[in-house]
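These are my notebook entries on a structure that I had not examined before. I set down what I looked up, topic by topic.

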Amino acid sequence: MYPDPIAPMEPRESQYGVEPQYVQKRAAQLKGMTSIALRDLIPDFPPIIYPNNEGEGIVRENTEAALSGIDFSKIKPGHTVNILASHHGFTLLGGKPYAEMLRTIKDVVERETQAKEVRLRAGLGMRFRETEEYIKAHGLDEYFKGKALGIAPIDAGIPIETKLGTLYGLRKAYDADVIIHAHNSDVREVHFHRHVDRAVKPFGMSYARCETRSTYHMNLGPRAANFVARSIFDSDFVQSKYGFSVFMIMSPVGVVSVDADNDLYALSERVAVGGLKYYGKIINLLGGIDEAIVVLDFPCPVPYVFAAGVIYANMVCANLDTFDLDNPLPPYTWYTETFYDDHGQRLIPEIPPVNPAIKMVVHNYAWTGYPATFFAEQTPTIMVGREQAEHFNRDPMNLNYMKHAVLAEDLNGAMEFAYNTTKTDKVIIFDGATGGVNVSPSLADHLKKVAPALNEKVDTTLMPKWLEQRNLNVELLENVA
Amino acid sequence: MKVVSVQPEVNMELCQGCKTCQMVCPVFAIKVQKIDKKIHVDIDYQKCVGCWNCEQRCPDHAIEMVPCEPFELRADISQFDYSEIESLCRKAHFHPKQVVCYCTASRAEELAAAVLGGAKSPDAVVRATGIGAGCGIECNQSIMRFLGAAGIQYERPKQSWQWYGQTATAWDISPEIKENNPVFRFDEDRQLLDRIVDASVEPEPLDRR
């Protein structure tokens, strides 16, 4: 007996996706789909505080508790304070827990200090109005009394002198006396950050100008790039403004806790160990899938749609251990993408291919606003619905996506084509199902079969290597739930 | 290569004349002025590359992108001796066939052709190739690295946000940084990038000719 699928995340009204009315059928509604609880696959996931039956109050309690250990003395009476946030947090579990953490930080800072003004400055990826949409959806503009703002990498910059030379931050991120770094620990883009200085990364990305972000993705190399964020954070300029950090601690099954520290590097070590522990196994398990049809069905751009608490890009790279720093190049990064010539040939032989277990991608619902052509070039892709195809054709970042994808009128037709051509009945649905993953029965059986051995491999072989490569003490494992 | 198929249209009833569109336009196609207390927005459609920056950053939602007669932006590499193109690419530490803009899938050879063809500043490169007219973020340093490799000096636009400056590359990291931060594997990554830069340019496969 297979359980019913878990309710997927609802389509969201956004200029980056088709109108929800065009998402006519969700993949979880396909006949025969089932779900599998993540804890049935990986029993040692930690207890979580969210989702729960009581709402976001527990997030507030945890944030208050975490902030009780913070030294607020840098914030003087009359100071202005910028709470620096990122769009990522709003994509987690519908965004409510992250929004509540941000509200709580504001309330506590106002209560504990005589700051003149506490503002929200929310960075973003490549969709320049995305955080505005979240700010509005969660009522943060009213909560911050009109002082909540989305900041984009093409906005006014400010030069920052660093060990790497001059880099550039966003003026609006730093236009306060004190900044508070408010982020989350979701592993997410491990293909980019490689879980090195994970908690520091937004200083080189969400709060940075395009020059800095381009330095990260084009100039230094796939692992060395992570020094960009560290060099900005360590700069005299940022240190003169930095107050403390607050992180929503995530696991693939939900929010674990809220952590805060004046020392970002101490927090980053805890985030790193927790990330390896919580996410190492699930990403490694995705690598144990031998073949599958992937359905994209979540309100985010292609690489960021969620299944099993992780993003599609993690599945694309799951044929290689991306946590292993001895592997220079994951199958997908923006470095990797540039290393294929105009005939699709790799410039050097050691470029790893994208996960060959992904036999076909059915693009039922995913957003524009991220250059995603690489994914359609590398894996056979079926776009569902003409409206969505047209939406991609209009996007300046995806003008070539549909040149590599075929079009199906509806989801049923797309799946039929995928089954017939791939000859597999294993299906994984990236639809944001919480606590489990929606799959076909055949893939549920396969995952249950391979999980124990893969979990043991992480515990006994991979984890010690991952920790050693990052100079992380194994004893830190005891301190995470 | 980029096909431009949309261009901006300003709703003057919503426009407050803040000049944000002017500041973020990568090709200086927009000029906002107040004349006799009235706001004027002039858009040079010959320059516009349909990047959406103005629409995306307008705080008053006064700009809409509307369809236009499609046209291509592409630098023609056949106008140059390929050895010149290859030489400039390698000097900028790129392989000629390497992608330099994810949104347009443009290759380094095209960026080199734009610079060899006379582009003397980032906005001129954007106009010549369409590179930088997608996300407007990630190719920023590719453009500057090519201009730098060609020895071209250009000023940062005053009171504007189009570009700020060229930044460090893998070939600029000091021994001290490398020694003190081994986890970032600077030398190994540089060796990887060098292998890419030094890779030969393969002839077109027979079945694609």
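The entries below begin with chain B and then turn to a sheet in chain A.

Entry 1, status. I note at the outset that this is a predicted model.

Entry 2, elements of chain B. I looked up the secondary structure and found eight helices and six strands in chain B. Following the sequence of chain B, I read the pattern β-α-β-β-α-β-α-β-β-α-α-α-α-α.

Entry 3, extent and packing of chain B. The C-alpha trace of chain B spans about 60 × 50 × 30 Å along its principal axes. I recorded that 55% of the 209 residues of chain B are buried. Among the contacts in chain B with a separation of 6 or more, 66% come from residues 24 or more positions apart.

Entry 4, surface and charge of chain B. The exposed area of chain B is about 9800 Å², of which carbon and sulfur atoms supply 47%. I noted 24 positive and 30 negative side chains in chain B, with the centres of the two sets 4 Å apart.

Entry 5, the sheet in chain A. In what order do the seven strands of the open sheet in chain A lie? I read the order as β1-β17-β16-β10-β13-β14-β15, with mixed pairing. At the edges are β1 (34–37) and β15 (405–408) of chain A, each pairing on one side only. On average, neighbouring strands of this sheet are turned by 30 degrees against each other, direction ignored.

Entry 6, one strand pair. Strands β13 (residues 358–367) and β14 (residues 381–384) of chain A pair in the parallel sense over three bridges. Within this pair, I found Thr381(A) in β14(A) as the bridge partner of Val361(A).

Entry 7, a helix across the sheet. Helix α16 (residues 411–422) of chain A lies across β10 (292–301), β13, β14, β15 and β16 (427–430) of chain A. I recorded that helix α16 of chain A runs at about 165 degrees to β13(A).

Notes: Residues are numbered from 1 along each chain as its sequence is written. Chains are lettered from A and ligands numbered from 1 in the order in which they are written. This is a predicted model: local features need pLDDT of at least 70, side-chain atom pairs count only at pLDDT 80 or more; totals for chains, interfaces and linings use all residues. Side-chain values use heavy atoms; hydrogens and water are left out. Buried means under 20% relative accessible area, exposed over 50%, partly exposed in between (1.4 Å probe, protein chains only). Contact means heavy atoms within 4.5 Å. Accessible areas come from the Shrake-Rupley method with a 1.4 Å probe; for residues, only the protein chains shown count as cover. Lys and Arg count as positive and Asp and Glu as negative; His and the chain ends are not counted. The place of a charge is taken as NZ of Lys, CZ of Arg, CG of Asp or CD of Glu. Two strands pair if DSSP finds at least two bridges between them. Axes are lines fitted to C-alpha atoms, for helices over the stretch in contact, and angles run from 0 to 180 degrees between N-to-C directions.
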